[in-house]
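Trainee: I am new to this structure and would be grateful for some guidance on reading it. May we look at the sequence and the model together?

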Amino acid sequence: MREKELRLALVCYGGISLAVYMHGITKEVWKLTRASHALHAGDENLLPSERVYFEVLDHIAQRCDVKLRVLTDIITGASAGGINGIFLAQAIAKGQSLEPLTQLWLEKADVDQLLDPNARPMSRLTKFWAAPIAWFVGRQSGGTVDTTVGAEARAEVRTKLGEFVRARWFEPPFGGTELSKILLNAFHAMANQISGPILLPPGQPLDLAVTVTDFNGHPETLRLNSPPEVKEQEHRLVIRFRHDPDQGETLGSAISLTFAGRATSSFPGAFPPLSVGEIDRLARSAGLNWDDRDIFLSSFLPKGTDATGLALIDGSVLANAPFQAAIDALPDRPARREVDRRFVFIDPKPGITAIQLPRGARRSSAPGFFTAILGSMSDLPREQPIRDNLDALHQRSIRIRRMQHVMDALEPEVESRIQSLFGRTFFLNTPTPKRVAAWRAKAQERAAMDAGYAYAGYAHLKLSTILEGLADLANRAHQLDDVQAEQFRAALWQEVRRQGIDRISAPGAGKNEPTIHFLKEYDVGFRIRRLRFLARAVTHMVDQGDIKELSVQPVIKAIYAALGDFIDLQNAARFKPYPVDNAAAFLNAIATDQNLTAKDDLVDAALAVAIAQCPKAQRRQILLTYLGFPFFDIATLPMLQGEGLEEFNPIKVDRISPDDAQSIRAGGATATLKGIELNSFGAFFSRKYRENDYLWGRLHGAERLIDIVCSTAPSHAPKEEIAALKRRMFEAILAEEEGRLTCIPNLFSEIRHEISNGVLAKAATKA
C-alpha cells in the first residue's frame with residue numbers, strides 16, 4: 001500500500017465572538033490529526049468522533065490502496081482566528097489536549113469575565129444617565145434580544161447588555177490583562193493534562209504566524225531613483241513561531257504565545273492596545289520568568305524599535321486573511337512521499353459585514369455619510385478579497401506542473417545518458433566512498449557538457465542564489481538595517497567579481513576554476529536538492545512496489561541524516577560569529593566552518609554503505625538516480641527561479657464556512673450561528689450563544705474535513721458512502737457534547753430531527 005500525505009496549511013480569519021465557532025472547527029482539525037496518527041501508529045485509544053475519522057482514512061486505504069497521513073504543518077491566523085491557531089499549534093507540537101480550551105471559550109469568553117474591573121458598574125447609580133440607553137437596547141420590544149435570543153437566555157443577555165452599556169465610555173470596556181490571564185491559564189491547563197503523542201512526523205516542522213497591527217508604526221526605507229530613498233510608516237507586523245526540534249527550534253514559551261494571542265486579538269475599542277509592560281507585569285504576578293523575552297521580541301520587531309513604547313492592536317485591522325504568511329512558510333518543507341498540499345481557510349461569516357443597510361435598502365444604494373466613514377474605518381481595510389493570494393498559489397501550481405512534465409519527459413533521456421556513462425561499470429553494484437565520489441564528479445561534468453550554452457545561465461543563477469542567500473542569512477543574524485544590508489550585499493558581489501568567480505562560460509569554452517571552487521565550497525542548496533530528489537525517488541520505488549520499505553530503510557536514514565546536517569548550515573543563528581565588516585573574511589569563515597567537500601565525502605561514504613545493504617536488483621537504480629541528479633537540476637532550477645524542490649505538488653485551496661456545510665441545515669451563518677449578532681459580539685453575552693456556535697463549529701468542521709479527506713483519494717467514493725460517514729460523525733459529536741452543552745437541549749433535538757429527515761438521511765439510506 002503506497003503512502004500519501006495530506007498536508008493542511010490552515011488560515012484562520014478574524015471573527016470577534018465567532019472565535020467560539022472557529023474553536024469547534026480547529027478542534028475537529030486536531031481530532032482528524034489524532035485519528036491519522038492512530039492509524040499509522042496502531043493506537044486504538046480514540047473517542048467516538050475520532051474513530052469515525054479513523055474509519056474514513058481506513059476506508060480510503062481499503063478502497064484505493066492508499067494509506068493517507070493527515071498533518072497540519074502551517075497555521076496562520078488573525079484576531080480570534082489567531083488565538084485558535086496558536087492553541088492548535090501548541091496541541092499539535094506538544095501532544096496536548098484542546099479540551100481545556102473548550103472550557104475556556106464556554107466559561108470565560110463572557111462580558112462578565114472580560115470587562116475591565118475599573119469599567120464595571122459599581123452600583124445602580126453608576127452612570128445613571130446611561131440607564132435609559134441600556135433599557136432601550138435591552139428591552140425594546142421586537143428588538144435584537146427578542147428576535148435572536150431564546151426565551152430562557154433573554155434575561156441573561158439583557159442584564160449583561162445593560163452592564164456593558166453602563167460601563168465606562170471613551171475607554172475600552174474589556175480588560176487586556178483579563179484576556180491575557182485567561183490565555184495564560186489556558187496554556188497552563190493544557191500543560192497540566194496528560195499529554196498524548198506529538199502529531200507531527202519526525203523531521204516535519206510546524207510554522208505558526210499571527211498578524212498584528214503596530215498602531216504607532218515604524219519607519220521602512222523605500223528605494224527610489226529620485227530621491228534615492230524615502231521613509232514610510234509601516235503598521236503591519238507578523239509574529240512567527242517555528243517548531244522544528246531537529247534544528248533546535250520549538251514554539252515559544254507560554255508567556256510569548258500569550259503575548260501573540262493577546263496582541264492579535266486587541267479589537268479596537270473593545271480591548272486596549274497591548275504593551276510589553278502588560279505582559280511583563282503578568283509574568284511577575286504569575287511568578288514566571290519570561291526567559292525568551294528578548295529573543296521573542298527581536299524576532300518580529302524591526303531593529304531599533306523601542307519595545308517599551310509598543311502599542312499593538314488587532315491583526316485583522318490590516319490583514320484579516322493572512323494567506324501571505326502561510327505562503328511564506330512553504331519553502332524548505334521536507335517531502336518523504338507524495339504530498340497533497342491544501343490551503344484551508346476558515347471564514348466564519350462569508351459575505352456578512354459589520355455595516356448593515358437599513359431595512360428595504362438595496363446594496364446598490366449609495367452609502368450615507370456615517371456608513372461610508374464607518375465602512376472605511378472598519379470593514380473595508382480588512383475585508384478585501386483574497387484573489388491576489390490565490391493567484392500567487394495558482395501560478396506556483398502551474399510552475400510545479402510544468403516542472404513535473406519536464407521531469408517526466410527528461411527521465412528516459414537522463415537514464416540513457418547515465419547508462420552510457422556507467423552501464424558497463426563493473427563495480428556499480430559494490431559502491432565505495434571513493435568510487436561514488438569519482439562517479440559523482442564524472443556525472444557532474446557530463447551534465448555540464450551536455451547542457452552546452454544553457455549551463456552558463458544555470459551556473460549564474462546558482463551563483464546569484466548562493467550570494468543573495470548568504471547576504472540574507474547574515475542580515476538576519478546581525479539584524480542589519482536596510483543601508484547596512486545593501487552595503488554588505490554589494491561588498492559580497494564585489495568580492496566575487498574580484499576573484500573572477502562570475503566569469504562563467506559554456507562548457508568547452510574553458511573551465512573557470514574559481515567558479516567550480518566556489519560552488520564546491522558554498523553551494524549548500526545543490527546538496528539539499530540532490531538528497532531530496534533521491535529521497536523522493538526511493539519513496540516512489542516503494543510506493544510502486546518495486547522494493548519493500550524495510551529494505552531501503554538504511555538509505556532513507558542516511559539521506560535524512562545528511563539532509564539535516566546541510567539544512568542546519570542555513571540556520572541564521574550560525575552566521576552570528578561571521579564578520580560582516582569584511583566580505584572576503586566572511587566568505588573564508590563560512591568555507592572553513594561549513595567544509596562542504598569533507599561533508600560530501602561523509603555523505604558518499606554513508607550512502608555507499610547504505611546502498612550496499614539494499615537488494616542487489618535495486619542498488620544500481622538507487623545509485624544511478626543519485627548520480628543523475630545534475631541533469632535534472634540543470635533543466636529544472638531555472639524554472640523554479642532558484643527555489644528548491646520541496647513538496648513538488650500543485651496546491652489546492654478549500655474553505656470551511658457555514659455556507660459550505662449544509663448537510664444538516666441550509667442557510668449558512670444566519671441560519672445556524674448566534675455570534676453574528678450585535679456586530680459579531682453576540683456570543684460574549686450568552687453562554688447559550690457560545691454553546692450553539694461551538695456545536696455548529698464542530699459539525700461544520702467535521703463535514704468539510706470529511707469532504708477534503710475524501711477528495712484526496714485517487715477515485716472518489718460514492719456520495720451515499722460519504723453521507724453515511726457524515727451521519728455517523730454527526731451522531732458521535734452530538735453524543736460527546738450533549739452532557740456538556742446543557743443550555744441548548746432543544747438544539748440537540750432539532751439537529752437530530754434534521755439528520756434523520758433531511759437530505760443527508762436519504763443519501764445515507766441508499767448506502
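Trainee: In which helix is the confidence lowest?

Mentor: This is a predicted model, in which local features need pLDDT of at least 70, side-chain atom pairs count only at pLDDT 80 or more, and totals for chains, interfaces and linings use all residues. Residues are numbered from 1 along each chain as its sequence is written, and side-chain values use heavy atoms, with hydrogens and water left out. pLDDT is the predictor's confidence in each residue, from 0 to 100, and helices are DSSP runs (H or I, at least four residues) numbered from the N terminus. Confidence is highest in helix α28 (residues 687–710), at 95, and lowest, at a mean of 41, in helix α6 (residues 131–139).

Trainee: How many contacts beyond near neighbours in sequence does the stretch of residues 355–364 have?

Mentor: A contact means heavy atoms within 4.5 Å. The pLDDT over residues 355–364 is below 50, and the contacts of this stretch beyond near neighbours in sequence number eight.

Trainee: Is aspartate 110 buried or exposed?

Mentor: Aspartate 110 lies in the loop between α4 (99–108) and α5 (111–114). Buried means under 20% relative accessible area, exposed over 50%, and partly exposed in between (1.4 Å probe, protein chains only). Because its relative accessibility is 4%, aspartate 110 counts as buried.

Trainee: With which side chain does the side chain of aspartate 110 make a polar contact?

Mentor: A polar contact is a pair of N or O atoms within 3.5 Å; within protein, one must be able to donate a hydrogen and the other to accept it, and residues adjacent in sequence count only if both atoms are side-chain atoms. At 3.1 Å, the partner of aspartate 110 is the side chain of arginine 690.

How values were computed: Helix = DSSP H or I, 4+ residues; strand = E, 2+ residues; numbered from the N terminus.
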